[in-house]
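Open the model in your viewer and keep the selection box ready. Each stop below says what to pick and what is there.

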Amino acid sequence: MVIGSGGRPVRSEWAGYVVIAVVVVLWAALVSCDVGGGGHGDHEGPVAADFVQIADVAPAPPPPAAASTGSAGTFSEDCGRNQQGIRNADNLITSPGESGGAHHAHDYVGNVSTNAFSTDDSLAAAATTCADGDRSTFFWPVLLVSDGSAATATNGDNLRVRIPDSVLVEFRGSPVSNVVPMPRFLRVLEGNPHGLTAGGADTEHVQWSCSGDRERVTRQYPLCPAGQQVVRIFDFPSCWNGKTLDSRDHHSHLLYPGPSGLCQGGTFPVPQLHIEVAYTVPPGAQYAVDSFPEELRSPISDHAGYVNVMTDALMAKVVDCLNSGQHCTS
């Protein structure tokens with residue numbers, strides 16, 4: 001119970017707002033001390049409206065029912081959780097050849113050489129953190145926390161970065177049909193790093209949750225009960241146009257299936273990349289993703305990138321696993 005002035009109890013539905021307000025005040029104090037992404041001392045945000053108690057989030061609708069013609073398998077890769085601290089402020093998909101073009105830091109797993117100047121040849125020749133030898137690159141903005149006593153890592157931009165507790169890299173099939181192989185060097189961006197200033201465009205697939213309440217998924221930062229982890233979920237589009245490895249907006253060549261799971265005409269179902277990144281956020285600590293300064297660390301600016309560098313043989317193994325309904329671990 002929260003006690004108000006005069007010893008009267010505050011109505012219980014206001015308790016969550018009190019917690020959020022206190023947390024946001026702590027974050028504002030931190031920002032004023034120039035702790036943040038990319039060295040931007042005037043980088044403000046997030047705000048109270050960016051947070052929600054996970055218990056206040058409605059359960060998500062169930063996914064499309066799997067048909068007998070579907071590919072119900074999964075293929076999981078162990079690519080680590082970036083214990084090596086591989087980070088930079090590049091984005092080889094949206095800003096190739098531009099060092100620091102992202103204006104915020106990304107965590108990487110998989111290909112250890114990824115930067116703005118990477119080429120297909122350099123990626124194919126590099127080492128990888130994936131146990132099965134997959135040289136694909138997977139990346140997303142770092143998560144920042146405000147609690148100085150927490151176990152954080154600091155990079156060259158003075159970012160206080162939370163290292164993920166776990167990273168799941170998994171490929172999934174289609175609920176309605178078999179999948180076909182992804183082409184090597186396919187590139188795609190999931191989400192919109194300019195989601196806030198774009199008025200929410202292309203942010204409908206942003207997903208945040210808590211480890212103990214996974215049926216509740218939100219586009220806001222979840223405030224999780226003690227003992228639960230904050231979970232970021234990236235579900236990439238999986239309907240390829242069959243023609244190009246990229247597009248001007250970095251997602252028109254690879255679309256999301258419709259509500260029933262069907263790909264629209266002229267596109268073909270490929271393995272869907274599903275990534276989950278989980279973090280322990282200390283009780284009472286503020287947190288947010290790093291972002292472009294103008295995005296104010298909004299949760300809807302969250303995004304992830306992927307470049308497929310699997311060999312044809314490994315991709316064939318993934319496709320066979322999905323289409324045969326197996327649950328494979330590399």
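Select Trp240 first, then Phe268: Trp240 stands opposite Phe268 in strand 16. This is a predicted model, in which local features need pLDDT of at least 70 and side-chain atom pairs count only at pLDDT 80 or more, while totals for chains, interfaces and linings use all residues. Residues are numbered from 1 along each chain as its sequence is written, and side-chain values use heavy atoms, with hydrogens and water left out.

Stay here and show strand 14 (residues 239-240) with strand 16. Two bridges join them, and they run antiparallel. Strands pair if DSSP finds at least two bridges between them. Helices (H or I, at least four residues) and strands (E, at least two) are DSSP runs, numbered from the N terminus.

Now add strand 15. The result is an open sheet of three strands, antiparallel, in the order 15-14-16. Strand 15 (254-255) and strand 16 (268-269) are the edges; each has a single partner strand, so one side of each has no neighbour in the sheet.

**Strand 4**

Select residues 106-110. This is strand 4, and five of its five residues are buried. Buried means under 20% relative accessible area, exposed over 50%, and partly exposed in between (1.4 Å probe, protein chains only).

Which strands pair with strand 4? Strand 3 (residues 87-88) does, antiparallel, over two bridges. Pick Asn88: its bridge partner in strand 4 is His106. Strand 5 pairs with strand 4 too, antiparallel, over five bridges. Pick Gly110, which stands opposite Thr137 in strand 5.

**Aromatic pairs**

Colour the Phe, Tyr and Trp rings. The structure holds ten aromatic pairs. Rings (for Trp, the six-membered one) pair if their centres lie within 6.5 Å; planes under 30 degrees apart count as stacked, over 60 as edge-to-face and the rest as tilted.

Zoom to Trp140 and Phe234. They are stacked, 6.4 Å centre to centre, with 20 degrees between the planes. Trp140 is in strand 5 (residues 137-141) and Phe234 in strand 13 (residues 230-235), so the pair ties together parts 94 residues apart in sequence. Trp140 is buried at 0% relative accessibility, and Phe234 is buried at 2%.

Next, pick Tyr221 and Tyr287. This pair is edge-to-face: 5.3 Å centre to centre, 65 degrees between the planes. It links strand 12 (residues 221-223), which holds Tyr221, to strand 18 (residues 287-289), which holds Tyr287; the two residues are 66 apart. Tyr221 is buried at 0%; Tyr287 is buried at 2%. Add Phe51 and Trp208 to the selection, and you have one aromatic cluster of Phe51, Trp208, Tyr221 and Tyr287.

**Helix 3**

Select residues 312-323. Helix 3 has twelve residues, and its end C-alpha atoms are 16 Å apart, which agrees with the 16 Å expected at 1.5 Å a residue. The expected span is 1.5 Å times one less than the number of residues.

Which residues of helix 3 are buried? They are Leu314, Met315, Val318, Val319, Cys321 and Leu322. Look down the axis: these buried residues fall within an arc of 160 degrees, so they line one face of the helix. The arc is that of the directions from the helix axis to the C-beta atoms.

Show the strands around that face. The buried residues pack against strand 2 (74-77), strand 9 (166-172) and strand 20 (327-329), with contact meaning heavy atoms within 4.5 Å. Then turn to the face away from the buried side, which carries the exposed residues Asp312 and Ala313.

Last stop: Gly325, just after helix 3, takes a positive phi of about 75 degrees.
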